[in-house]
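Welcome! Here is a guided walk through a protein model for someone meeting it for the first time. Please keep the sequence and the 3D view at hand as you read.

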Amino acid sequence: MQKPSLRQRALGALAGVAVGDAMGMPTQTLPRDEIVRAYGVISGFCDAVADHPVSGGLKAGTITDDTEQSLLLAQHLISRGGRVDQQAWAEQLLEWERDTHARGVNDLLGPSTKRAIEALLRGVPLSETGRLGTTNGAAMRIVPVAIATPVAPLSVLLDAVEDSCRLTHHTSEAIGSAAAVAAAVSVALDGAGLDTMIATALAAAAEGERRGEPARSGSIRARIAEALDLAEGRSGEEAALRIAAQIGTSVSALQSIPMAFAILRLTEANPWRCALLSAVIGDDTDTIGAIACGMAGAKAGIGGIPPDAWKLVQSVNHFSLEPAVEGLLRIRAARGGQTA
């Protein structure tokens, strides 16, 4: 089988975010028993049940804030040569939330992002706005940074990650978790296997968590390693549920990002299986799915996602990812990354 090209891997990474996000859309925020009651066995995209507190009324294949904010960040990076203009980024996030209100969608800015932007608007210095951001918002939208930035030298990738975290999630656990995801994706774009992805992610997490506001709840690198140890040599839904019970699946970066890495290992980086497993474990299923499936998509390429599934997601959400991929890869090439 021919190996996927850089472009196919980059497209697979962004498409993976969307597929994992859409698969978890109907189950997000729900506990495991409620997921079983509402949906039974999940074998593909589902309409959200009408009384869902966030996703009620959304059709199968609909993306949420994870993908929308990832694409918003991609557009921002492309328009600014890979840099983040913090004031403009804050304004774009607020405009995105206003648009979601207008569309009648209940997926709004996460707690860390909302708090940081409100602080910035009150005149709080940028150096202070992200000091309490310990949730997974930075990691959920980090894939465009990974596509735009080669993994070597790692310090340059970490600078780009920290820049994207600065406004809303400038804490040890948030930067470390976003760095881990970005490193896994970026090295996968260069053709790395799963073991190298994981080793690179752990190294990036260790370096990333030395930045920002010091951790108050533990080491993100240690938590990812723990989750990976629990997943080693295992597979399937039962294993995923056992690990979820130990690691947690909330919006906390210290729970959802390690869980995403566990699912990546449980599925041996199969994007579709990542999406399916993430959707059934409960709580922040859409974000865990977006992160796990995005990392897996970077390894497998767009060919690793079932064509009918990807066609449905594009059709339901009326988007094409090719322009974003091309723009981000131009930035990557300008930063010395591979071009093929």
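## Starting at an arginine

R131 is partly exposed, as its relative accessible area is 33%. Before going further, please keep in mind that this is a predicted model.

Which residues does R131 pair with? One partner is E128, and the closest N and O atoms of that salt bridge are 2.7 Å apart. E128 is partly exposed too, because its relative accessibility is 35%. The side chain of R131 also meets the side chain of E213 in a salt bridge, at 2.9 Å from N to O. This second pair ties together distant parts of the chain: R131 sits in the loop between helix 6 and helix 7 (137–140), whereas E213 sits in the loop between helix 11 (194–208) and helix 12 (220–231), 82 residues apart. Unlike a partly exposed residue, E213 counts as buried, because its relative accessible area of 17% falls under the 20% limit.

Side chains of opposite charge can pair when their charged atoms come close. How many salt bridges does the model hold? The count comes to 17. Another of them joins D159 to R211, with the closest N and O atoms 2.8 Å apart. Here again distant parts of the chain are linked, with D159 in helix 9 and R211 in the loop between helix 11 and helix 12, 52 residues apart. D159 is partly exposed, at 43% relative accessibility. Elsewhere, D195, E232, R265 and E268 belong to one network, joined by salt bridges that share partners.

The table below sets the three individual pairs side by side.

| Salt bridge | Closest N to O distance |
|---|---|
| R131 and E128 | 2.7 Å |
| R131 and E213 | 2.9 Å |
| D159 and R211 | 2.8 Å |

## A look along helix 4

Now find helix 4, which runs over residues 86–102 and has 17 residues. From the first C-alpha to the last, helix 4 reaches 25 Å, close to the 24 Å expected at 1.5 Å a residue. Just before helix 4 comes a cap: D85 caps the N-terminal end, with a side-chain oxygen 3.3 Å from the backbone nitrogen of Q87.

Which residues of helix 4 are buried? They are Q86, A88, W89, A90, L93, L94, W96, E97 and T100. These buried residues pack against four helices, namely helix 3 (65–79), helix 5 (111–121), helix 6 (126–129) and helix 9 (154–165). Helix 9 is also where D159, met above, is found.

## Aromatic rings in pairs

Next, the rings. The structure holds two aromatic pairs. F45 and W272 make up an edge-to-face pair, with 5.6 Å from centre to centre and 80° between the planes. This pair bridges distant parts of the chain: F45 lies in the loop between helix 2 (32–39) and helix 3, and W272 lies in helix 15 (residues 271–280), 227 residues apart. Both F45 and W272 are buried.

The other pair, W310 and F319, is tilted, with centres 6.0 Å apart and 40° between the planes. W310 is buried, with a relative accessible area of 8%, and F319 is buried as well, at 15%.

## An asparagine and its neighbours

N317 is part of helix 17, which covers residues 307–317. Is N317 buried or exposed? N317 is buried, because its relative accessible area is 17%, and the limit for that label is under 20%. What does N317 touch? Leaving aside neighbours within four places in sequence, N317 is in contact with G61, T62 and I63. Two of these contacts can be described atom by atom. A polar atom of the N317 side chain lies 2.8 Å from the backbone oxygen of G61, and the N317 side chain reaches the backbone nitrogen of I63 at 3.1 Å.

## Cysteines without a bond

Last come the cysteines. How many disulfides does the structure hold? The number is zero. Take C274 as an example: its closest cysteine sulfur, in C293, is 6.0 Å away, so the two are too far apart for a bond. For a disulfide, the sulfur atoms would need to be within 2.5 Å. C274 is buried, at 0% relative accessibility. C165 is buried too, and its relative accessibility is 0%.

Terms used: Residues are numbered from 1 along each chain as its sequence is written. This is a predicted model: local features need pLDDT of at least 70, side-chain atom pairs count only at pLDDT 80 or more; totals for chains, interfaces and linings use all residues. Side-chain values use heavy atoms; hydrogens and water are left out. Helices (H or I, at least four residues) and strands (E, at least two) are DSSP runs, numbered from the N terminus. The expected span of a helix is 1.5 Å times one less than its number of residues. Buried means under 20% relative accessible area, exposed over 50%, partly exposed in between (1.4 Å probe, protein chains only). Contact means heavy atoms within 4.5 Å. A polar contact is a pair of N or O atoms within 3.5 Å; within protein, one must be able to donate a hydrogen and the other to accept it, and residues adjacent in sequence count only if both atoms are side-chain atoms. Rings of Phe, Tyr and Trp (its six-membered ring) pair if their centres lie within 6.5 Å; planes under 30 degrees apart count as stacked, over 60 as edge-to-face and the rest as tilted. A salt bridge is a side-chain nitrogen of Lys or Arg within 4 Å of a carboxyl oxygen of Asp or Glu.
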